[in-house]
Amino acid sequence: MGEIIKLENSQFKEFQINILNSKKGQPYVIVNGLFLHSRYDPIKEAQRWAEVHYQKNHLHILFGFGAGYFAQELLRHLDENDFLLIIEPVAELFLEAAKFIDLHQFYAHERVLILVGFERMEIERHLRFIINLQYAGRVEVLCSPNYDKLLPEEKNQLEKLVLEVSKLELVNLNTIKYFAQTWQDNFLSNLYFSWKSIPFRRLAGKLDCPVVIAASGPSLNKQLELLKKIKDQALIIAAGSTINPLLSGGVKPHLVVTIDGSTANLKHFEGIEIDDIPLYYALIVHKEIPAKHRGIKVVFNSDNQQLAEWADQVYGEPLGYVRGGPSVANFCFDLARQISSGPICFIGQDLAYTGNKSHAEGNKYFKEVQLEPEKVDGKKYLRTKGFYGEEVITDYPFLNMKKQFEDQLLTMRKVYGDLRPVYNATEGGVYIEGMEHISFREFIERYCNRDVRAHLASLYLQDIEPEQVRDRIEKSYKEEMVKLKQVERLCHKALDLLKGVSRQTEHVNAKILTKLDKIDEELNKLLKSNLVHFAIMPEIFRINHLYLEPARETAVERTKRILDKSEALYRSINKAVIYVTEIIEKLREDNADE
């Protein structure tokens with residue numbers, strides 16, 4: 001990475017900065033009367049400090065750059081499994097330090113990032129990206145001496161933010177692990193039958209009407225009467241499970257979006273007739289949801305970009321890519337951005353236990369939630385700013401969804417240059433930063449003033465030749481089977497080689513290493529942009545975490561660790577190949593006559 005980034009919108013205080021020379025002749029810094037380094041030997045002080053605080057295989061977050069001595073010593077300790085994030089809130093101080101310390105050593109290092117200033121949302125964005133790389137559960141927050149006195153509020157904010165982001169990323173990781181095999185089955189099945197659907201890419205940019213995204217929070221019910229009145233004046237999107245409270249309240253949305261691959265999501269679609277409502281689905285959704293829908297279906301990619309490219313290649317044209325997050329409503333946001341140029345409005349987006357309720361009434365998982373004050377202790381439930389500025393009770397999964405909306409809005413503005421208005425008209429729940437908070441009635445009065453039925457009716461008039469698409473998919477799956485057999489053969493070959501290698505030696509025979517390198521090279525070619533590559537990613541994360549290099553490792557221990565790690569990886573790849581092969585074989589056998 002190796003970057004130094006000045007944060008926008010940073011609010012700086014007034015500081016009196018003095019640079020003096022220590023007894024050893026090295027410059028040190030005093031800010032507002034606080035010594036940030038030793039006045040005798042700041043380098044030796046930093047060396048001792050780093051010896052105590054450095055943790056191997058961790059993300060180190062250093063609050064306070066000062067004169068750079070502590071950052072410099074942490075840098076000396078960094079190895080290939082570490083990362084150093086430095087946050088210097090005082091821009092003036094950083095500029096002073098730059099006059100006498102070599103900054104090149106920091107921005108030339110790929111595992112270092114320096115943020116200058118203090119802007120919460122920007123810091124959070126970088127934190128989420130870095131922790132998500134590989135550091136969930138391995139984060140060390142360090143404070144340079146006296147920065148806790150100089151900037152106590154910012155230090156507390158940072159510690160809370162790191163704790164919050166770390167918990168959210170662990171939630172994401174656990175979700176990925178839990179559904180690791182489920183999504184493979186869903187993805188392969190849905191892609192196999194995608195010839196019956198319209199690629200979302202074909203619909204992007206076709207509309208210019210206002211969009212209302214209805215989520216299934218407790219506040220949705222009070223908006224249903226108003227929603228009925230604008231059924232012909234806006235595109236109404238049902239976010240997944242919201243379909244049930246909408247239908248119960250007499251509202252028929254123009255489309256329903258579904259993402260989740262779990263059986264819990266499937267239950268939302270049981271016992272209801274929605275063949276007359278277009279179904280927009282991600283390839284990872286529970287396979288029975290699109291399979292049972294007999295009406296218009298629209299398919300899109302929603303996961304890894306490389307996997308999306310593979311799916312596009314199999315289908316024969318781009319399906320379209322919808323970015324989202326932990327909630328189906330996150331995907332609805334990006335879908336709305338792409339399909340229409342009109343203003344976007346959220347209702348029912350509580351992300352909180354409004355009125356001690358979990359969901360809107362009519363949702364199949366609706367329940368009353370008793371939240372005694374002692375339960376809201378920050379471990380599971382916590383308080384955050386609400387729609388009206390009051391405190392509301394939420395939890396970490398809800399908070400994760402809120403953060404994702406805020407990130408999406410930031411991306412929409414800065415990356416896509418899309419400045420259209422985005423409104424939160426939930427009239428309850430959490431306050432979503434960046435959105436304008438108004439009443440639903442006000443949104444309707446501003447924007448819902450023309451009939452959009454003709455526009456919506458023409459949306460699905462597409463020229464598609466399903467038989468050609470079906471034959472192309474069948475051919476692609478047949479070719480994939482050949483590659484999978486090659487991968488399986490190479491894994492067995494590598495495992496046979498490893499069987500004969502001693503785990504009690506400092507060095508492995510060079511001929512064996514050459515053979516293993518050749519196998520790895522062939523595997524990488526076969527697995528590139530291949531489903532198996534993505535299928536084993538959660539397992540690779542687990543293995544990399546399990547076989548991290550410990551401190552003071554001997555040469556024999558290192559050899560054993562590397563060999564054990566290699567064996568675990570080959571076995572994981574082989575297991576994934578067998579699983580994917582079985583899915584494809586069954587799909588082709590069951591549908592041979594279709």
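Which residues are exposed on the other side of helix 1? In this predicted model, the exposed residues there are R48, E51 and V52. The report begins with this helix and then turns to a helix pair and to individual buried residues.

**Helix 1**

Helix 1 comprises the twelve residues 42–53. At 1.5 Å a residue it should span 16 Å, and its end C-alpha atoms are indeed 16 Å apart, so expectation and model agree. Its buried residues are P42, A46, W49 and A50. These cover an arc of only 100 degrees around the axis and therefore lie on the same side of helix 1. In an α-helix there are 3.6 residues a turn, so residues three or four places apart point the same way. The cover over the buried residues of helix 1 includes strand 3 (27–31), strand 5 (59–63), helix 2 (69–77) and strand 8 (139–143). R48, E51 and V52, by contrast, are exposed on the other side.

**Helices 14 and 15**

Two packed helices are described by the angle between their axes and the distance between the axes. For helix 14 (residues 328–339) and helix 15 (residues 396–414), the axes come within 10 Å and cross at roughly 20 degrees. Because angles under 35 degrees count as roughly parallel, helix 14 is roughly parallel to helix 15. Their crossing is right-handed. On the helix 14 side, the residues that meet helix 15 are A329, N330, F333, D334 and R337. Their counterparts in helix 15 are M401, Q404, F405, Q408, L409 and M412.

**Helix 13**

Helix 13 covers residues 305–315, and its buried residues are L307, A308, W310, A311, D312, V314 and Y315. G316 follows helix 13 and has a positive phi, near 110 degrees.

**Two buried residues**

W183 is located in helix 8 (residues 180–192), and D395 in strand 17 (residues 391–395). Both have a relative accessible area under the 20% cut-off for burial, as tabulated below.

| Residue | Relative accessible area | C-alpha separation |
|---|---|---|
| W183 | 12% | 29 Å to G205 |
| D395 | 8% | 8.2 Å to R383 |

Along the chain, W183 and G205 are 22 residues apart, whereas D395 and R383 are twelve residues apart in sequence. What does D395 touch, not counting residues up to four places away in sequence? The contacts of D395 on that basis are Y353, K380, Y381 and L382.

How values were computed. Residues are numbered from 1 along each chain as its sequence is written. This is a predicted model: local features need pLDDT of at least 70, side-chain atom pairs count only at pLDDT 80 or more; totals for chains, interfaces and linings use all residues. Side-chain values use heavy atoms; hydrogens and water are left out. Helices (H or I, at least four residues) and strands (E, at least two) are DSSP runs, numbered from the N terminus. The expected span of a helix is 1.5 Å times one less than its number of residues. Buried means under 20% relative accessible area, exposed over 50%, partly exposed in between (1.4 Å probe, protein chains only). The arc is that of the directions from the helix axis to the C-beta atoms. Contact means heavy atoms within 4.5 Å. Axes are lines fitted to C-alpha atoms, for helices over the stretch in contact, and angles run from 0 to 180 degrees between N-to-C directions. Angles under 35 degrees count as roughly parallel, over 145 as roughly antiparallel, 65 to 115 as roughly perpendicular and the rest as oblique. A crossing is left-handed if the near helix is turned anticlockwise from the far one by less than a right angle, and right-handed if clockwise.
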